[in-house]
Amino acid sequence: MAEADSVAVIGLGRFGSSLALELMASGTEVLGIDANEEVVQDHNARLTQVVRADATKEEVLRQLAIDEFDRAVVAIGHDIKASILVASLLLQLKVPVIWAKALDEQHGRILEQLGVQHVVYPEKDMGRRVAHLVRGAAADYL
Ligand code: ATP
């Protein structure tokens, strides 16, 4: 399924799910991978393809021809070991562009040191954005 505009999203928690569904809505083909059966069932028919698998296993990623995707997103956060392992495999398998979510600076630094091109901090970034909104709302009352 790896067409030009296709993305593999690994981990369909709140962040990965929202990202995958938004990409689908904008016409991108999305392969979603998650280890949890319930999560996979919940995304069935909502993504181009959904697979239940442990993405830390190299043979799993090879079978899914992950190297044929131009872009992949590691959307696993709390299990830092899994996040790092998956990022390392994606790099080894030469996925050209990798995005990964980091929970904190240390996690982010390791991902960057591995060679992940785009590290995002959703919780930190959202906190900053909301601070702007709150400040804006307070200014309305001045
Ligand atoms: P969020 O805040 O986005 O809900 P999170 O930061 O709590 O997520 P995790 O709970 O670590 O992140 O993982 C998000 C998703 O990734 C979960 O649905 C989980 O089942 C899946 N996941 C975790 N480890 C693996 C793995 N090795 N292979 C595939 N999926 C995994």
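**Strands and ligand site**

Trainee: Which residue in E5 is the bridge partner of Val-74?

Mentor: In this predicted model, strand E4 covers residues 71–74, and strand E5, with residues 97–101, runs parallel to E4 and is joined to it by four bridges. Within this pairing, the partner that Val-74 meets in E5 is Ala-100.

Trainee: Which residue of E4 is the bridge partner of Ile-10?

Mentor: Strand E1, made of residues 6–10, runs parallel to E4, and four bridges hold the two together. Ile-10 belongs to this pairing, and the residue of E4 that serves as its bridge partner is Val-74.

Trainee: In what order do the elements of the chain run from the N terminus on?

Mentor: The secondary structure of the chain amounts to six helices and six strands. Read from the N terminus on, these elements follow the order β-α-β-α-β-α-β-α-β-α-β-α.

Trainee: How many residues surround the ligand?

Mentor: The ligand takes up the space of the largest pocket, and the shell around the ligand contains seven nonpolar, six polar and five charged residues. The closest of the surrounding residues are Arg-14, Phe-15, Asp-34, Asp-54 and His-78, and the number of residues that surround the ligand is 18.

Trainee: What share of the area that the ligand exposes when taken alone does the protein bury?

Mentor: Consider first the polar atoms around the ligand: a side-chain N or O atom of Asp-34 is 2.6 Å from one of the ligand's oxygen atoms, and a polar side-chain atom of Lys-101 is 2.9 Å from an oxygen atom of the ligand. In Ala-55 a backbone N or O atom takes this part, at 3.0 Å from a nitrogen atom of the ligand. Taken alone, the ligand exposes 630 Å², and the share of this area that the protein buries is 82%.

Technical notes
Residues numbered from 1 in each chain as written. Predicted model: local features only at pLDDT ≥ 70, side-chain atom pairs only at ≥ 80, totals over all residues. Heavy atoms only, no water. Near = heavy atom within 4 Å. Polar contact = N/O pair within 3.5 Å; in protein donor to acceptor, adjacent residues only side chain to side chain. Areas by Shrake-Rupley, 256 points an atom, 1.4 Å probe, with all protein chains shown as cover. 1 Å grid on protein atoms, 1.4 Å probe; cavity = no way out; pocket = protein on both sides within 12 Å on 5 of 7 lines; lining within 4 Å. Sits in = over half its atoms within 2 Å of the grid points. Nonpolar A, V, L, I, M, F, W, Y, C, P; charged D, E, K, R; others polar. Pairing = 2+ DSSP bridges.
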